[in-house]
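The following exercises are to be worked with the sequence and the three-dimensional model at hand. Each task is followed by a solution in steps.

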Amino acid sequence: QVQLVESGGGLAQAGGSLTLSCAASGNIFSLGHMGWYRQAPGQQRDMVAIATDDGFMHYADSVRGRWFITRDNAKKAVVLQMNNLKPEDTGLYLCYADVATYPKYSRNDYWGHGAQVTVSS
């Protein structure tokens, strides 16, 4: 019903920058929150940055001031600009969206497959 397609990420040195993009498609009636979670090996999935449907941005303490999320409602997309990367930022980054879909207008959480970010010291 809904697909979240991620792009970006990859390898970077500490202090460098990377960008993650995510676009939603499918039977979308409306988008709620949209953003990114990080999952490191053997650890739980943690919120990194969220852009709400009413224009607010929320960040994990570990990335606030370094990373910035933007949202394009027309394109149903979010972009995460990751600056001043640190080795502890390494992980699998999963795009998330809260979506209401046609035809029943049911609301569910959707996840992308993930984009790997690896930061070397």
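**Exercise 1. The disulfide**

Determine the handedness of the disulfide formed by Cys 22 and Cys 95 from the torsion about the S-S bond.

*Solution.* The model is a predicted one.

1. The sulfur atoms of Cys 22 and Cys 95 lie 2.0 Å apart, and the cut-off for a disulfide is 2.5 Å. The count of disulfides comes to one.
2. The torsion about the S-S bond of this pair is about -85°, so the disulfide is left-handed.
3. Cys 22 belongs to strand S3 and Cys 95 to strand S9, so the disulfide ties together parts that are 73 residues apart in sequence.
4. Cys 22 has a relative accessible area of 1% and is buried; Cys 95, at 0% relative accessibility, also counts as buried.

**Exercise 2. The salt-bridge network**

Establish which residues are linked with Asp 89 in a network of salt bridges, and state whether Asp 89 is buried or exposed.

*Solution.*

1. The structure holds four salt bridges.
2. One of them joins Arg 38 to Asp 89, with the closest N and O atoms 3.8 Å apart. The cut-off is 4 Å, so this pair qualifies.
3. Arg 38 lies in strand S4 (residues 28–39), whereas Asp 89 lies in the loop between strand S8 (77–82) and strand S9 (91–101); the two residues are 51 residues apart.
4. Asp 89 also meets Arg 66 in a salt bridge, at 2.9 Å from N to O. Arg 66 sits in the loop between strand S6 (57–59) and strand S7 (67–72), 23 residues from Asp 89.
5. Arg 38, Arg 66 and Asp 89 are thus linked in a network of salt bridges.
6. Relative accessibility is 15% for Arg 38, 9% for Arg 66 and 2% for Asp 89. Buried means under 20%, so each of these three residues counts as buried.

**Exercise 3. A salt bridge with an exposed partner**

Classify the accessibility of Asp 61 and of Arg 64.

*Solution.*

1. Asp 61 and Arg 64 form a salt bridge in which the closest N and O atoms are 2.6 Å apart.
2. The relative accessible area of Asp 61 is 66%, and Asp 61 is therefore exposed.
3. Arg 64 has 47% relative accessibility and counts as partly exposed.

**Exercise 4. The pairing of strand S8**

Identify the residue of S8 that is the bridge partner of Thr 19, and the residue of S8 that Phe 68 stands opposite.

*Solution.*

1. Strand S3 (residues 18–26) is joined to S8 by six bridges, and the two strands run antiparallel. Within this pairing, Thr 19 has Gln 81 as its bridge partner.
2. S7 also pairs with S8 in the antiparallel sense, over six bridges. Here Phe 68 stands opposite Gln 81.
3. Gln 81 is therefore the answer to both parts: it partners Thr 19 and faces Phe 68 in terms of strand pairing.
4. The hairpin of S7 and S8 has four residues between the strands, and Lys 76 takes a positive phi near 55° there.

**Exercise 5. The surroundings of Thr 52**

Describe where Thr 52 is placed and which residues Thr 52 touches.

*Solution.*

1. Thr 52 is found in the loop between strand S5 (45–51) and S6.
2. At 6% relative accessibility, Thr 52 counts as buried.
3. The side chains of Thr 52 and Asp 54 make a polar contact at 2.4 Å.
4. Leaving aside residues up to four places away in sequence, Thr 52 touches His 33, His 58 and Arg 71.

Note on methods. Residues numbered from 1 in each chain as written. Predicted model: local features only at pLDDT ≥ 70, side-chain atom pairs only at ≥ 80, totals over all residues. Heavy atoms only, no water. Salt bridge = Lys/Arg side-chain N within 4 Å of Asp/Glu carboxyl O. Buried < 20%, exposed > 50% of the residue type's maximum accessible area, 1.4 Å probe, protein only. Polar contact = N/O pair within 3.5 Å; in protein donor to acceptor, adjacent residues only side chain to side chain. Contact = heavy atoms within 4.5 Å.
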